[in-house]
2 protein chains.
Amino acid sequence: MDVGSIIKRLEAGGHKLTPKRRAIVEILLAEGRHLSAKEILQALQGKFPRVSFDTVYRNLHLLEEMKLICALEMQDGGCRYQINLRDDHHHHWVCLGCGQTLEVPECPLPVLKKAAGAVKFKIISHRFEVYGYCEGCQ
Amino acid sequence: MDVGSIIKRLEAGGHKLTPKRRAIVEILLAEGRHLSAKEILQALQGKFPRVSFDTVYRNLHLLEEMKLICALEMQDGGCRYQINLRDDHHHHWVCLGCGQTLEVPECPLPVLKKAAGAVKFKIISHRFEVYGYCEGCQ
DNA sequence: TATAAGAATAAGAATCATTCCGATTTAAGG
DNA sequence: CCTTAAATCGGAATGATTCTTATTCTTATA
């Protein structure tokens with residue numbers, strides 16, 4: 001995933017490529033790890049001193065809808081964002097030490113579909129995140 | 001799970017049995033379903049008009065630590081609480097229509113332990129909730 | 001290049017759940 | 001009954017997120 005392909009996907013979706021929108025993507029690409037909305041705002045203020053939280057959230061929501069980034073729910077309820085390296089649905093091992101994430105190789109939901117069917121439950125969405133420590137942080 | 005056994009567990013943990021604490025447990029038992037902190041506060045105000053949010057949250061956190069209730073993260077980020085009918089760790093099918101929950105028969109984590117080991121990730125905690133519609137609400 | 005239309009933005013107020021604070025009250029054991 | 005730590009109150013504070021309104025860009029098209 002590079003800036004070029006992200007820009008193409010934005011344009012294909014009928015969205016404008018504004019300087020701030022591009023900068024948010026570049027920040028996420030450069031950092032690699034997941035960032036909070038506040039961290040993104042602060043990084044953005046380097047180039048655009050007058051940028052607002054509203055702009056950060058609006059663009060993060062847009063990028064998330066287009067599946068260009070993914071939102072990680074943290075243990076404390078806060079949210080962090082990172083470039084979606086893969087294009088498909090997946091979950092994360094989230095390191096509580098350094099903040100790096102690794103991808104969980106499979107989604108647990110398919111295994112449970114039969115159990116849901118047994119109680120006639122129609123699945124709409126789910127959340128799954130695993131918190132702990134990566135090899136380096138243990 | 002009844003009021004008596006909950007009181008015993010509180011006393012065993014060295015906690016006082018205050019009228020408000022008992023009332024919160026009774027409200028959760030009487031309602032059966034999961035309630036938000038606000039709903040609990042409002043129900044509590046019937047008996048104790050001057051009770052504060054602080055008291056509600058303090059007691060909910062205590063009851064959660066003692067595993068007497070479980071906290072459900074909702075899709076919108078809010079939290080709801082219900083009596084922990086079983087004594088062990090489990091997850092829920094959460095109905096977006098009526099708010100009822102059904103217990104997921106197994107936790108997906110054990111299946112993924114091997115994958116975590118493969119990347120030397122030390123698991124500390126996890127979140128898993130499934131949202132959808134129960135049979136009656138579809 | 002000019003312009004129109006809609007999309008995006010700024011600024012800061014508003015919201016909402018949750019937590020914190022200092023002062024006061026209360027449960028439970030001796 | 002007394003003591004003491006725990007629990008409570010009332011309300012302010014916090015912090016992330018969303019909303020509102022006026023303004024400014026982008027892009028497409030003339």
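This text walks through a predicted model of two protein chains and two DNA strands, from the domains to the chain interface to the DNA.

Because the model is predicted, local features need pLDDT of at least 70 and side-chain atom pairs count only at pLDDT 80 or more, while totals for chains, interfaces and linings use all residues. Residues are numbered from 1 along each chain as its sequence is written, chains are lettered from A and ligands numbered from 1 in the order in which they are written, and side-chain values use heavy atoms, with hydrogens and water left out.

Start inside chain A. Its domain assignment gives domain 1 (1–86) and domain 2 (88–138); such bounds come from an automatic or database domain assignment. The centres of the two domains, taken over C-alpha atoms, are 22 Å apart. Domain 1 of chain A puts 12 residues into the contact and domain 2 of chain A puts in 13, where contact means heavy atoms within 4.5 Å.

How much area do the two domains of chain A bury between them? The value is about 1100 Å², with 48% of it on carbon and sulfur atoms. Buried area here is the accessible area (1.4 Å probe) that two parts lose on being put together, summed over both. On the domain 1 side, A:Glu73, A:Gln75 and A:Arg86 supply 50% of the area buried against domain 2, more than any other three residues.

The domain interface also carries charge pairs. Domain 1 and domain 2 of chain A share 3 salt bridges. A salt bridge is a side-chain nitrogen of Lys or Arg within 4 Å of a carboxyl oxygen of Asp or Glu. A:Arg86 forms a salt bridge with A:Asp88, with the closest N and O atoms 3.1 Å apart. Across this interface, 7 residue pairs are in polar contact (both at pLDDT 80 or more). A polar contact is a pair of N or O atoms within 3.5 Å; within protein, one must be able to donate a hydrogen and the other to accept it, and residues adjacent in sequence count only if both atoms are side-chain atoms. Strand E2 (residues 69–73) of chain A gives the largest share of the domain 1 side, 4 residues. Helices (H or I, at least four residues) and strands (E, at least two) are DSSP runs, numbered from the N terminus.

Now turn to the interface between the chains. Chain A and chain B each bring 35 residues to the contact. The area buried between chain A and chain B is about 3000 Å², and carbon and sulfur atoms give 68% of it. In chain A, the residues that lose the most area to chain B are A:Trp93, A:Phe121 and A:Arg127, together 25% of what that side buries.

A:Arg127 also reaches across to chain B. Its side chain meets that of B:Glu73 in a salt bridge (3.8 Å, N to O). There are 2 salt bridges between the chains, and 13 residue pairs are in polar contact (both at pLDDT 80 or more). Which element gives the most to the side of chain A that touches chain B? E6(A) does, with 12 residues. By class, that side has 22 nonpolar, 6 polar and 7 charged residues. Ala, Val, Leu, Ile, Met, Phe, Trp, Tyr, Cys and Pro count as nonpolar, Asp, Glu, Lys and Arg as charged, and the others, Gly among them, as polar.

The DNA comes last. Strand C is surrounded by 20 residues, the closest being A:Lys16, A:Arg50, A:Thr55, A:Arg58 and B:Tyr57. A residue is near a strand if one of its heavy atoms lies within 4 Å of it. Of the strand C atoms within 4 Å of the protein, 66% belong to sugar or phosphate and the rest to bases. A polar side-chain atom of A:Thr55 lies 2.4 Å from a phosphate oxygen of strand C. For A:Ser52, a backbone N or O atom lies 3.2 Å from a phosphate oxygen of strand C. The surface near strand C divides into 7 nonpolar, 5 polar and 8 charged residues.

Strand D also has 20 residues around it; A:Tyr57, B:Lys20, B:Arg50, B:Thr55 and B:Arg58 are the closest. Sugar or phosphate accounts for 68% of the strand D atoms within 4 Å of the protein. What does the side chain of A:Lys16 approach on strand D? One of its N or O atoms is 3.3 Å from a base oxygen. A polar side-chain atom of B:Arg21 lies 2.7 Å from a phosphate oxygen of strand D. H4(B) gives the most to the surface near strand D, with 4 residues.
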